[in-house]
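Grab a pencil and work through these exercises with the model open beside you. Try each task on your own before you read the solution.

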Amino acid sequence: CLDAPTASVSVFLGSGLTIPASSFTAHPSYRGASGASSLDLGVVLTEEDLAPTPLPILTSRDAKVGEVAVIAGWGQNENNGRGQLRAGTTTISGVSQTTLQAVFTIESGSGVCYGDSGGPILASEGGTWAVAGVTSAYSGNSCSTGTNQFVNLLNAEASAFVFGLVPGAGRK
């Protein structure tokens, strides 16, 4: 969601003031909602360090089908409420070069909804949570069914983009 006509971005950490971004960049191959194969990924930078310490990016392996992962976001809940960070678990159901997928039903755990885009999907590696992907989209007519899509950060083009803008980002 960082492509034109976005003019400014601020970061909110759940309490306190919002922090203005010093820069923000959408991945150059992002083609909007109509570009299913484009990398829906962006980087937001601030002048000041953010707390808590950012999680590393999973670069040592790909996520695995059947692996339990954690998702988080500020989007809508089942009652259309917004503005509160929520997290839950999901099971990875598909892995490709560019995307990670998780099929969501009420019985399967958690899923993403409107406003969760840009949030992480986390995988555990060596007892440490690491960002395996970035929430991009979901299919279905509501937030309670369908397939959740995440940009796979192990993708060479995606990781080069992130590390090119944030060379000191942690790796796991």
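**Exercise 1. Place Val9 in the chain, then decide whether Val9 is buried or exposed.**

Step 1: Start with the sequence. Val9 sits in the segment before S1. Keep in mind that you're looking at a predicted model.

Step 2: Check the accessibility. Val9 has a relative accessible area of 14%. The cut-off for buried is under 20%, so Val9 is buried.

Step 3: Look at who surrounds Val9. Skipping the neighbours within four places in sequence, Val9 is in contact with Leu2, Ile19, Pro20, Ala21, Phe24 and Val44.

Step 4: Pick one of those partners, Val44. Val9 and Val44 are 35 residues apart in sequence, and their C-alpha atoms are 7.8 Å apart in space.

**Exercise 2. Now try Ser8: is Ser8 buried or exposed?**

Step 1: Find Ser8, which also belongs to the segment before S1.

Step 2: Read off the relative accessible area, 58%. Exposed means over 50%, so Ser8 is exposed.

Step 3: Set the two results side by side. Val9 is buried, whereas Ser8 is exposed.

**Exercise 3. Sort Leu17 and Gly75 into buried or exposed, and say which loop holds each one.**

Step 1: Leu17 is in the loop between S1 and strand S2 (19-26). With 74% relative accessibility, Leu17 counts as exposed.

Step 2: Gly75 is in a loop too, the one between S4 and strand S5 (86-91). Gly75 has 1% relative accessibility and counts as buried.

Step 3: Ask what Gly75 touches. Apart from neighbours within four places in sequence, Gly75 is in contact with Gly81, Arg82, Arg86, Tyr114, Gly115 and Asp116.

Step 4: Finish with two distances, C-alpha to C-alpha. Leu17 and Ala123 are 30 Å apart in space and 106 residues apart in sequence. For Gly75 and Phe163, the values are 26 Å and 88 residues.

**Exercise 4. How many salt bridges does the whole structure have, and which residues do they join into one network?**

Step 1: Count them. A search of the whole structure turns up 2 salt bridges.

Step 2: Take the pair Glu67 and Arg61. Their closest N and O atoms are 2.7 Å apart. Glu67 is buried at 14% relative accessibility, and Arg61 is buried at 15%.

Step 3: Take the pair Glu125 and Arg61. These side chains meet at 2.4 Å, N to O. Glu125 counts as partly exposed, at 23% relative accessibility.

Step 4: Work out what this pair connects. Glu125 lies in strand S8 and Arg61 in the loop between strand S3 (42-46) and S4, so the pair ties together parts that are 64 residues apart in sequence.

Step 5: Put the pairs together. Through shared partners, the salt bridges join Arg61, Glu67 and Glu125 into one network.

**Exercise 5. In the largest nonpolar core, which residues touch the most other members, and which strand supplies the largest share?**

Step 1: This core has 16 residues, and Leu100, Ile121 and Phe150 touch the most other members.

Step 2: Go strand by strand. Strands S4 (68-73), S7 (99-104), S8 (120-125) and S9 (128-138) each give at least two residues to this core. The largest share, 3 residues, comes from S9.

Step 3: Zoom in on Ile121. Beyond the neighbours within four places in sequence, the contacts of Ile121 include Leu100, Phe150, Ala69, Ile71, Ile92 and Val131.

Step 4: Don't stop at one core. There's a second, separate core of 15 residues, with Leu41, Val134, Val162 and Phe163 among them.

**Exercise 6. Describe the largest pocket: what is its volume, and what lines it?**

Step 1: Begin with the volume, about 2,000 Å³.

Step 2: Turn to the lining, which has 49 residues. Val11, Val44, Leu50, Gly118 and Pro120 lie nearest the centre of the pocket.

Step 3: Name the elements. Strand S1 (10-11), S3, S4, S8 and S9 each give two or more residues to the lining. S3 provides the largest share, with 5 residues.

Step 4: Split the lining by class. You should get 32 nonpolar, 13 polar and 4 charged residues.

Key. Residues are numbered from 1 along each chain as its sequence is written. This is a predicted model: local features need pLDDT of at least 70, side-chain atom pairs count only at pLDDT 80 or more; totals for chains, interfaces and linings use all residues. Side-chain values use heavy atoms; hydrogens and water are left out. A nonpolar core is a set of buried Ala, Val, Leu, Ile, Met, Phe, Trp, Tyr and Cys residues joined through side-chain atoms within 4.5 Å. Buried means under 20% relative accessible area, exposed over 50%, partly exposed in between (1.4 Å probe, protein chains only). Helices (H or I, at least four residues) and strands (E, at least two) are DSSP runs, numbered from the N terminus. Contact means heavy atoms within 4.5 Å. A salt bridge is a side-chain nitrogen of Lys or Arg within 4 Å of a carboxyl oxygen of Asp or Glu. On a 1 Å grid over the protein atoms alone, a cavity is a set of points where a 1.4 Å probe fits but cannot get out, and a pocket is an open set with protein on both sides within 12 Å along at least five of seven lines; lining residues have an atom within 4 Å of a point. Grid points are joined across faces, edges and corners, and a volume is the space filled by probe spheres set on the points. Ala, Val, Leu, Ile, Met, Phe, Trp, Tyr, Cys and Pro count as nonpolar, Asp, Glu, Lys and Arg as charged, and the others, Gly among them, as polar.
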